[in-house]
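Thanks for sharing this one. Here are a few friendly notes to read alongside the model, point by point.

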Amino acid sequence: MKKPLVGITTYYVYDVENAKYRHIGAPGQDVMMASTDYYNAINLAGGLPMPIMPIDDDDYIDSIVKTMDKFLFSGGSDVDPMLYGEALRYDCGYINEFRDRFEMKLLRRVIEAGKPILGICRGFQLINVFLGGSLYQDLKSQYESSIQHATRNVEKHKKTHKLLIEKESILEKIFDNSEILINSKHHQAVKTLGENLIIEAVSEDGLIEGFSSEKHSILAVQWHPEMMYEYHVEQLELFKWFINQ
Ligand SMILES: [Mn+2]
């Protein structure tokens, strides 16, 4: 059987971001970057992972949407608050307008084409914003909690907080459990939920950590299963579900 082609979004890195610590390329060159974790996870789950070059061209985007069977919207920089109608707060992180513009166009076409979508971290937040939801620009200053969601210097696979899974949700089917432990690498989170989205799981302090949409074939999570599966095998089940559905 032919393996499903899974298009995975990538970082678009401006020359100026790369310039300070340049290891590759020449001055003036923008580059594409991606964490290998996504590609390894999709490959192990039985899919054929393909990086999507961020090229802002409508013909290109149409071809990609036709060619790929499924789409993974990956992690990365903060979504521009202007896209959910808020002014930029002092504690919002780095914003890449090129990537936002490209991925919003891509997401629109993928949803129109009805192809399955898996969102992770930034991908999860981008989908929420696309469907009319909003985000906390920075949890530390906007959401009172004793849980550390932004564990920047903690190992990628380290379990740091609980995930409380909704009854009869997709995540309950995937993990066969109502509660698991997950990593946490986000300083932003869903504030108001987008249209047609259903909550799949929350953290103990009440933040949405997973949502789905049957209408749009979306499953999206705030944590990073691709950083965990090597150490915590249950996390690979999420990618297997995505490939096999
Ligand atoms: Mn978290």
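1. Let me start with a pairing of side chains: Asp69 and Lys2 form a salt bridge, with N and O 3.8 Å apart. This contact joins distant parts of the chain, 67 residues apart: Lys2 sits in the segment before β1 (5-9), and Asp69 in the loop between α3 (58-67) and β5 (70-73). Please keep in mind that this is a predicted model.

2. How exposed are the two partners? Lys2 is exposed, at 64% relative accessibility, whereas Asp69 is partly exposed at 29%. Lys2 gets its label because its value is over the 50% cut-off.

3. A second bridge is worth a look on your screen. Arg109 pairs with Asp62, and their closest N and O atoms are 2.9 Å apart. Arg109 belongs to helix α4 (residues 97-113) and Asp62 to helix α3, so the bridge ties together parts that are 47 residues apart in sequence. Asp62 is partly exposed, with a relative accessible area of 31%.

4. That pair also has company: Arg109 and Asp62 belong to a network of salt bridges that links them with Asp56, Asp58, Arg101 and Lys105. Over the whole structure, the search finds 16 salt bridges.

5. For a bridge inside one helix, see Glu103 and Arg99, whose side chains meet at 2.6 Å, N to O. Both lie in helix α4, four residues apart, which is about one turn of the helix. Both residues are buried.

6. Now to the metal site. Which residues coordinate the manganese ion? The donors are His149 (ND1), His161 (NE2), Ser184 (OG), His186 (NE2) and Glu209 (OE), at 2.2 to 2.3 Å. Along the chain, these donors follow the spacing H-x11-H-x22-S-x1-H-x22-E.

7. Two of those donors can be placed by their accessibility. Ser184 has a relative accessible area of 0% and is buried. His186 counts as buried too, at 3% relative accessibility, because the label applies under 20%.

8. Finally, the largest pocket holds about 910 Å³ of space. Its lining has 30 residues, and Tyr11, Gly76, Ser77, Asp78 and Arg152 lie nearest the centre. By type, the lining divides into 10 nonpolar, 13 polar and seven charged residues.

9. Where does that lining come from? β2 (11-13), α1 (15-19), β3 (31-33) and α5 (122-130) each supply at least two residues of the largest pocket's lining. The largest share, three residues, comes from β2.

Note on methods:
Residues are numbered from 1 along each chain as its sequence is written. This is a predicted model: local features need pLDDT of at least 70, side-chain atom pairs count only at pLDDT 80 or more; totals for chains, interfaces and linings use all residues. Side-chain values use heavy atoms; hydrogens and water are left out. Donors are N, O and S atoms within 2.8 Å of the metal (3.2 Å for Na, K and Ca); water is not among the atoms, so sites may look incomplete. Buried means under 20% relative accessible area, exposed over 50%, partly exposed in between (1.4 Å probe, protein chains only). On a 1 Å grid over the protein atoms alone, a cavity is a set of points where a 1.4 Å probe fits but cannot get out, and a pocket is an open set with protein on both sides within 12 Å along at least five of seven lines; lining residues have an atom within 4 Å of a point. Grid points are joined across faces, edges and corners, and a volume is the space filled by probe spheres set on the points. Ala, Val, Leu, Ile, Met, Phe, Trp, Tyr, Cys and Pro count as nonpolar, Asp, Glu, Lys and Arg as charged, and the others, Gly among them, as polar. A salt bridge is a side-chain nitrogen of Lys or Arg within 4 Å of a carboxyl oxygen of Asp or Glu.
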